[in-house]
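Me: I would like to go through this model one element at a time, with the reasoning behind each answer spelled out. Could we begin with the overall layout and then turn to the details?

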Amino acid sequence: MNNTNSAFLKEMGISEWVSRDGGHEQPQAEIAQVSESAPRSHWWFFGSKPQGEAEILFQNILRVLALNTQEWSWKNPADKVSELSAPDNGLPLVAIAFGGPAAQKITGERDPLPQLRETVLALNNGADDEIPVIATLDLNQLVSQPKDKALLWQDLLLAKSVLQNI
């Protein structure tokens, strides 16, 4: 990264990330070993299951968030959301909805994705426990339009902030 970009990131309060490995693809087993300590929180990811380059992007998201296999799960928005409830272990929980249709389905909102982003929504499961939902762009869209990854990063930072305040 050149000095101009590095200075700009520092000015915005963003730490510069440098990859320590040469390859771009990470095996699933390596991601599972990122952190085998006791879970600190739990993340639900809603959307169509990623494949190909979108799956690689998702694996990199897990790596950046330092989530082990016990700290996240993939949910299908077509499943009955009313049957979902927060884990009994008392860990803070946040849901990420990849794409407008997934966000609309699980929250009951009708607004398009640009209006749903940067807002903490609630999972529409009919239960008393409020599960925060952060709407973000679809992984396949992020693969085809890499410049939008900055928006994904903003949404992930919002989700981490929500977890810290639960």
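**Layout, sheet and helices**

Reply: This is a predicted model, and along its sequence the elements follow the pattern α-α-β-α-β-β-α-α-β-β-α-α. That makes 7 helices and 5 strands in the protein. Of its 166 residues, 39% count as buried, and among the contacts with a separation of 6 or more, residues 24 or more positions apart account for 73%.

Me: In what order do the strands form the open sheet, and which of them are the edge strands?

Reply: The 5 strands form an open sheet with mixed pairing, in the order β2-β1-β3-β5-β4. Neighbouring strands of this sheet are turned by 30 degrees against each other on average, direction ignored. A strand at the edge pairs on one side only, and this holds for β2 (72–75) and β4.

Me: What is the handedness of the crossover from β1 through α3 to β2?

Reply: β1 and β2 run parallel and are joined by 4 bridges, with F46 having K75 in β2 as its bridge partner. Between these strands the chain passes through α3, and the resulting β-α-β crossover is right-handed.

Me: How is β5 paired, parallel or antiparallel, with β3 and with β4?

Reply: Strands of a sheet pair through backbone hydrogen bonds, in either a parallel or an antiparallel sense. With β3, β5 shares 4 bridges, and the bridge partner of F98 is T136 in β5. With β4 there are 3 bridges, and here L121 has V133 in β5 as its bridge partner. The pairing of β5 is therefore parallel with β3 and antiparallel with β4.

Me: How many of the residues of β5 are buried, and which residues lie on each side?

Reply: 5 of the 5 residues of β5 are buried, so this strand is largely enclosed by the rest of the structure. Both of its faces are covered, with P132, I134 and T136 on one side, and V133 and A135 on the other.

Me: Which strands does helix α4 lie across, and at what angle does it run to β3?

Reply: Helix α4, residues 100–107, lies across β1, β3, β4 and β5. Its direction relative to β3 is about 135 degrees.

Me: Why does the distance between the end C-alpha atoms of α7 agree with the expected span?

Reply: Helix α7 comprises the 16 residues 149–164, and at 1.5 Å a residue it should span 22 Å. The two values agree because its end C-alpha atoms are apart by 23 Å.

Me: Where around the axis of α7 do its buried residues lie, and what do they pack against?

Reply: The buried residues of α7 are L152, D155, L156, A159, V162 and L163. They cover an arc of only 115 degrees around the axis, which puts them on the same side of α7. An α-helix has 3.6 residues a turn, so residues three or four places apart point the same way. The buried residues of α7 pack against β1 (42–46), α3 (53–65), β3 (93–98), β4 (120–122), β5 (132–136) and α6 (139–144).

Me: Is D148 buried or exposed, and which residues is it in contact with beyond its neighbours within four places in sequence?

Reply: D148 lies in the loop between α6 and α7. Its relative accessibility is 12%, and because buried means under 20%, D148 counts as buried. Leaving aside its neighbours within four places in sequence, D148 is in contact with L137, Q141 and L142.

Technical notes
Residues numbered from 1 in each chain as written. Predicted model: local features only at pLDDT ≥ 70, side-chain atom pairs only at ≥ 80, totals over all residues. Heavy atoms only, no water. Helix = DSSP H or I, 4+ residues; strand = E, 2+ residues; numbered from the N terminus. Expected span 1.5 Å × (residues − 1). Buried < 20%, exposed > 50% of the residue type's maximum accessible area, 1.4 Å probe, protein only. Arc of directions from axis to C-beta. Contact = heavy atoms within 4.5 Å. Pairing = 2+ DSSP bridges. Axes fitted to C-alpha atoms, helices over the stretch in contact; angles between N-to-C directions. Right-handed = clockwise from strand over helix to strand, strands pointing away.
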